[in-house]
Amino acid sequence: MSKNNLTNHIDFIRAIVAEDIRTNKWDGRVVTRFPPEPNGYLHIGHAKSICLNFGIAAENPGGQCNLRFDDTNPIKEEQQYIDSIIEDIKWLGWDWGDRLYFASDYFEQMYEYAVQLIKAGKAYVCDLNADEIRQYRGTLTEPGKDSPYRNRSTEENLDLFERMKAGKFPDGSRTLRAKIDMAHPNLNMRDPVMYRILHASHPRTGDKWCIYPTYDWAHGLEDCIEKVTHSICTLEFENHRPLYDWYLDALGVYHPRQYEFARLNMTYTVLSKRKLLQLVQAGLVNGWDDPRMPTISGLRRRGYSPTAIRNFCKHIGVNKFNSTIDIALLEHHVRQDLNKTSLRVMAVLKPLKVVIDNYPKGKVEQLEAVNNPEDPNAGTRKVPFSRELYIEQDDFMEDPPKKFYRLAPGREVRLRYAYFITCKDVVKNADGEIVELHCTYDPATRGGDAPDGRKVKSTLHWVSAEHSLKAQVRLYDHLFTKENPDDVEEGADFKSNLNPNSLETLRDCRVEPSLANTKPLSRYQFERLGYFCVDPDSSEETLIFNRTVSLRDPWAKIQRGQVRSR
RNA sequence: UGGGGAAUAGUGUAACGGUAGCACGACUGACUCUGAAUCAGUUAGUCCAGGUUCAAAUCCUGGUUCCCCAGCCA
């Protein structure tokens, strides 16, 4: 029936949720959560997880998705990250109602659960340091051995744990560990650490705590406290699920189920907070929101729409095996959305002056242009036309090769919404560079149609020299030169694959005057060029546009082919 | 070499014993006042080897390859 299989296909996690509803496993409840650690900015990979978790909640009656910060490691976490994460998820269009939670709000409760485990003989204070714990843990193929502190009395454990909390011991000197099995084939089960001593100030709890729960201990409890039903995380946590289950079973408390899916990988891109942080800290990009970054804030500044990102996430699927999405798919979705929604304007990136010799000096006409052919409601606007214009340098060739349809000596083309013009003369400077074209126009073609029905091979965009506005335009290319940035020479790292030409700034661009009062983050299509977005740094004195993505450009491909075959 | 996962066109993703489909990409062509969009078409796939069955991507057996785990990160 449906041509698009996406409309009736559900991924394996949604299938589980649907089955649980059918069998009434959770009394019909659907509660998910998105649990970022506030130690970096959100990126397109997080968007996949956000759309999954919030999407599942939204698709099911009464479904809820909590936004919960997993802030259990004060050393890496900062308020600025909390703020950006909230902003980004809102911008993507998701809503968590009043359910903004923090793991740190549960610290007291977690502590009491830990005491409960000690009393049950299932946790103990260990005096081994980090090195020693590693040595005692064994290896992938050899079992570990028990800590000498494993069999302390409950009283001693309670007392030591209490003193850990009270700040009596230095960082790293003791831990609280679960008493499981030092010979377990899953290393996560070899008496994992539940609490470590960290005399560090926390963005939210300040200096109240000097012991902090580890991820494995904390995460299940967070899910438990919030009565989550489906705890969705990425594949690398699959090995942790037995521990997630062990803690909740040992406590005998409400027990959500954890499901794992593959994280997003994308060509020409790194999606690891660690690597993105490196780029920011090394100054290799201009901050987390640099338009070349795959962060949500970077994509926003680049000109991506929430709709484009959500459509992309909908189409990439959810699975249990690693895959790398072609960045062309992301670009496809942004073109698809922007084609429908963005206003068209004319802008000339690399201006070439054109003088219409037979057009009266001083005359100005206001010609009508369509704002968005995909949306009749967008209306029309007036664009000024005069004797001196700019066209794109790339739209003229003195000695045109085959398949070049644009302007050339003696050739007639259309100026969009204006007139047919014919090139009569080429003016060059002392270096032989083309600096000006002299053309004639046909007054009968006003508006762009020839009454005699004659055709031209191409239509060019243009601006009036006198009326156009100066602008700066930033052209972006992939941040990395290799599909897989981690494919590096011995001894090098991903940064060696950075694309030195990922940003090209054009400072002598001209845009039509209707753009005079445009606002930051407004999105446009520059006709025949691509989609562009007003940069937040833009001002009335200096208009700045970021190229989101170019239009599909068959001519560019033909040209590359012609260059190659030379 | 312990344990846990996973393999379908170039890429991504469906088909849950019954015609291997869709999207992106690539390539044709039509249309076009954006070489865009739109429309029509072409291209190309079940990791391997056995087995069960009228029928296998799907079930069974045995291989192969890839990913994750030895943080007091998440």
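## Two loop residues with positive phi

With a relative accessibility of 23%, Y268 counts as partly exposed, because that value falls between the 20% limit for buried and the 50% limit for exposed. This is a predicted model, so please read every value here as computed. Y268 sits in the loop between β10 (265-266) and α9 (273-281). Its phi is positive, at about 60 degrees, although Y268 is not a glycine. Most residues other than glycine have a negative phi.

D27 is another non-glycine residue with a positive phi, here near 55 degrees. You will find D27 in the loop that runs between α1 (12-22) and β1 (31-34). At 66% relative accessibility, D27 counts as exposed, because the value is over 50%.

## Around the RNA

Let's turn to RNA strand B. There are 68 residues around the strand, and R344, R406, R414, G447 and K557 come nearest. By class, this surface has 23 nonpolar, 23 polar and 22 charged residues. Several elements each supply at least two residues to the surface near RNA strand B: α5 (130-137), β6 (193-197), β11 (324-325), α12 (327-341) and α13 (554-564).

Which parts of the RNA face the protein? Among the atoms of RNA strand B within 4 Å of the protein, 66% belong to sugar or phosphate, and the rest belong to bases. Some individual atom pairs are worth displaying. The side chain of S323 has an N or O atom 3.5 Å from a sugar or linking oxygen of RNA strand B. K403 uses its backbone instead: one of its backbone N or O atoms lies 2.7 Å from a base nitrogen of RNA strand B. For Q525, a polar side-chain atom lies 2.5 Å from a base nitrogen of RNA strand B.

## Strands β12, β25 and β26

Q525 also takes part in strand pairing. Strand β12 (residues 343-345) and strand β25 (residues 523-526) run parallel and are joined by 3 bridges. Within this pair, R344 stands opposite Q525 in β25. Recall that R344 is one of the residues that come nearest to RNA strand B, and that Q525 places a polar side-chain atom 2.5 Å from a base nitrogen of the RNA.

On to the next pairing: β25 and strand β26 (residues 530-534) run antiparallel, with 4 bridges between them. R523 has C533 in β26 as its bridge partner. The two strands form a hairpin with 3 residues between them, and R528 in the turn has a positive phi of about 70 degrees.

## Strands β18, β19 and β20

Strand β18 (residues 412-415) runs antiparallel to strand β19 (residues 420-428), and 3 bridges join them. R414 stands opposite F420 in β19, and R414 is also among the residues nearest to RNA strand B. This hairpin has 4 residues between its strands, and Y417 takes a positive phi near 65 degrees.

β19 also pairs with strand β20 (residues 434-441), in the antiparallel sense and over 7 bridges. T422 stands opposite T440 in β20. Here the hairpin has 5 residues between the strands, and its turn includes G432, with a positive phi of about 85 degrees.

## Helix α7 and the cavity

How many cavities of 30 Å³ or more does the structure hold? There is 1, and the largest cavity has a volume of about 30 Å³. Its lining is made up of Y215, D216, H219, G220, H240, Y244 and Q258. By class, the lining has 2 nonpolar, 4 polar and 1 charged residues. Helix α7 (residues 215-225) gives the largest share, with 4 residues.

H219 belongs to helix α7 and is one of the residues that line the cavity. With a relative accessible area of 4%, H219 is buried, because it falls under 20%. The side chains of H219 and R68 are joined by a polar contact of 3.4 Å.

E222 lies in helix α7 too. Is E222 buried or exposed? E222 is buried, with a relative accessible area of 0%. E222 and A418 are 196 residues apart along the chain, and their C-alpha atoms are separated by 64 Å.

Notes. Residues are numbered from 1 along each chain as its sequence is written. Chains are lettered from A and ligands numbered from 1 in the order in which they are written. This is a predicted model: local features need pLDDT of at least 70, side-chain atom pairs count only at pLDDT 80 or more; totals for chains, interfaces and linings use all residues. Side-chain values use heavy atoms; hydrogens and water are left out. A residue is near a molecule or strand if one of its heavy atoms lies within 4 Å of it. A polar contact is a pair of N or O atoms within 3.5 Å; within protein, one must be able to donate a hydrogen and the other to accept it, and residues adjacent in sequence count only if both atoms are side-chain atoms. Ala, Val, Leu, Ile, Met, Phe, Trp, Tyr, Cys and Pro count as nonpolar, Asp, Glu, Lys and Arg as charged, and the others, Gly among them, as polar. On a 1 Å grid over the protein atoms alone, a cavity is a set of points where a 1.4 Å probe fits but cannot get out, and a pocket is an open set with protein on both sides within 12 Å along at least five of seven lines; lining residues have an atom within 4 Å of a point. Grid points are joined across faces, edges and corners, and a volume is the space filled by probe spheres set on the points. Two strands pair if DSSP finds at least two bridges between them. Buried means under 20% relative accessible area, exposed over 50%, partly exposed in between (1.4 Å probe, protein chains only).
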